[in-house]
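Thanks for coming, everyone. I have one structure to walk through today, so please pull it up on your screens.

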Amino acid sequence: MPDSAAGTQFTVLGAVESVADDRVGDFYAYPDALRRCWVRGNMIASVDGGATVAGRSGGLGAAGDRALFAKMRQAADVIVVGASTVRTEDYSGAQLSAAARQDRAARGQSEVPPIAVLTRSADLDHDAKLFRRTEVPPILLTSARTAATARERFGGLADVVDASGPEPDDVDPATALDLLAARGLLRVLTEGGPGVLGLFTAADLLDELCVTVAPVLVGGEAQRIVTGPGQVRTPLRRSHILGDDDGYLYCRYVRDR
């Protein structure tokens, strides 16, 4: 019986160098001269593949994960999430330091990236942090049948956009990206949840995936980081893997086009 590993070059990954804080952002720079939306997914999972603890992803994170979370937000033009993630994680608008704002302005970006929510129903709490704790009104990418009602309900609290494609009751991810691109929001960061990441994956619209592997076991019936009915096989190549003293791994994989 042939050895399935024959001919495979294995590499022992170890600590090669320490990365200074001012260089970490270089590992998460978007490609230059973009002409379309580049979609980056950022998720965290336990060693046994769970995306949540007690229904929330926050229970898996630590200081390093939070630091990279902030770095990726600082690099993005827009942060895309699903309505269920907004409700579960109680999302607010992005909060950036003065230094991060200056860096963004120097790159020609707005000081604070908006949150864009994919939601066919716009069933969100009018008093949620998304609307009340933000400097930039969120963008609600919703369906044709919901858009008019949502505009009346949220008024100046949100920018409501019809992002439906062929189905007036649904949100089309390709249409949503086209609408963001028309606003100059090309560097897209999606923070999930698993359903939104599955939506982009199934539509072949995810360009890269950043996965934090938390050194914990959660067991039970925790979700994976990507869910949905569509099954695909999308080849990726490893861009880099960072690690920290807490045992977390920070992996970046890019589409193998």
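Which side chain does Asp90 meet in a salt bridge? The partner is Lys129, with N to O at 3.6 Å. Before I go on, a reminder: this is a predicted model.

Now place that pair. Asp90 sits in the loop between helix H3, residues 83-89, and helix H4, residues 98-106. Lys129 is in helix H5. The two are 39 residues apart, and the pair links distant parts of the chain. How covered are they? Asp90 is partly exposed, at 36% relative accessible area. Lys129 is partly exposed too, with a value of 36%.

Step back for the general idea. Side chains of opposite charge can pair when their charged atoms come close. Across the whole structure, a search finds 14 salt bridges.

Take Asp207 and Arg36. Their side chains meet in a salt bridge, 2.9 Å from N to O. Asp207 lies in the loop between H8 and strand E7, residues 208-214, and Arg36 lies in the loop between H1 and E1, so this bridge ties together parts 171 residues apart in sequence. Is Asp207 buried or exposed? Buried, because its relative accessibility is 0%. Arg36 is partly exposed, with a relative accessible area of 40%.

Next, Arg255 and Asp204. The closest N and O atoms of this salt bridge are 2.8 Å apart. Arg255 belongs to strand E9, residues 249-255, and Asp204 to the loop between H8 and E7, so parts 51 residues apart in sequence are tied together. Arg255 counts as buried, at 13% relative accessibility. Asp204 counts as partly exposed, at 43%. There is also a network: salt bridges that share partners join Arg40, Glu208 and Arg252.

Stay with strand E9 for a moment. Val254 lies in this strand. It counts as buried because its relative accessibility is 6%, and the cut-off for buried is under 20%. Which residues does Val254 touch, leaving out those up to four places away in sequence? The list is Trp38, Asp207, Glu208, Pro235, Leu236, Arg237 and Ser239. Two of those names came up a minute ago: Asp207 pairs with Arg36, and Glu208 is part of the network with Arg40 and Arg252. For scale, take Val254 and Ala98. They are 156 residues apart in sequence and 30 Å apart in space, C-alpha to C-alpha.

On to the helices. Start with H7, residues 173-182. Its buried residues are Pro173, Ala176, Leu177 and Leu180. Looking down the axis of H7, these residues fall within an arc of 95°, so they line one face of the helix. What do they pack against? Five strands are on the list, namely E1, E2, E3, E4 and E6, together with helix H8. For orientation, E1 covers 38-46, E6 covers 187-190 and H8 covers 194-202. Turn to the face away from the buried side. There you find the exposed residues Asp178 and Ala182. Just after H7, Gly184 takes a positive phi of about 80°.

Now H6, residues 144-154. Thr146, Ala147, Ala150 and Phe154 are buried here. Down the axis of H6, the buried residues fall within an arc of 110°, so they too line one face of their helix. Their cover includes helix H5, E4 and strand E5. H5 is the helix that holds Lys129, and E4 is also on the packing list for H7. On the face of H6 turned away from the buried side, the exposed residues are Arg145, Thr149 and Glu152. Just after H6 comes Gly155, with a positive phi of about 50°.

Next, the surface. Leu13, Ile241 and Leu249 form a nonpolar patch there, with about 260 Å² of accessible area together. Leu13 sits in the segment before helix H1, residues 21-24. This leucine is exposed because its relative accessible area is 56%, and exposed means over 50%.

Last, the annotation. An unreviewed UniProt entry lists residues 38-248 as "domain: Bacterial bifunctional deaminase-reductase C-terminal". In the model, this span is 30% helix and 21% strand. Its end C-alpha atoms lie 26 Å apart.

That's my tour. Over to you.

Methods: Residues are numbered from 1 along each chain as its sequence is written. This is a predicted model: local features need pLDDT of at least 70, side-chain atom pairs count only at pLDDT 80 or more; totals for chains, interfaces and linings use all residues. Side-chain values use heavy atoms; hydrogens and water are left out. Patches are made of residues with over 30% relative accessible area and no salt bridge: like charges are joined within 9 Å, nonpolar side chains (Val, Leu, Ile, Met, Phe, Trp, Tyr) within 5 Å. Accessible areas come from the Shrake-Rupley method with a 1.4 Å probe; for residues, only the protein chains shown count as cover. A salt bridge is a side-chain nitrogen of Lys or Arg within 4 Å of a carboxyl oxygen of Asp or Glu. Helices (H or I, at least four residues) and strands (E, at least two) are DSSP runs, numbered from the N terminus. Buried means under 20% relative accessible area, exposed over 50%, partly exposed in between (1.4 Å probe, protein chains only). UniProt positions are given in the numbering used here, feature names are shortened, and annotations may be inferred rather than shown by experiment. The arc is that of the directions from the helix axis to the C-beta atoms. Contact means heavy atoms within 4.5 Å.
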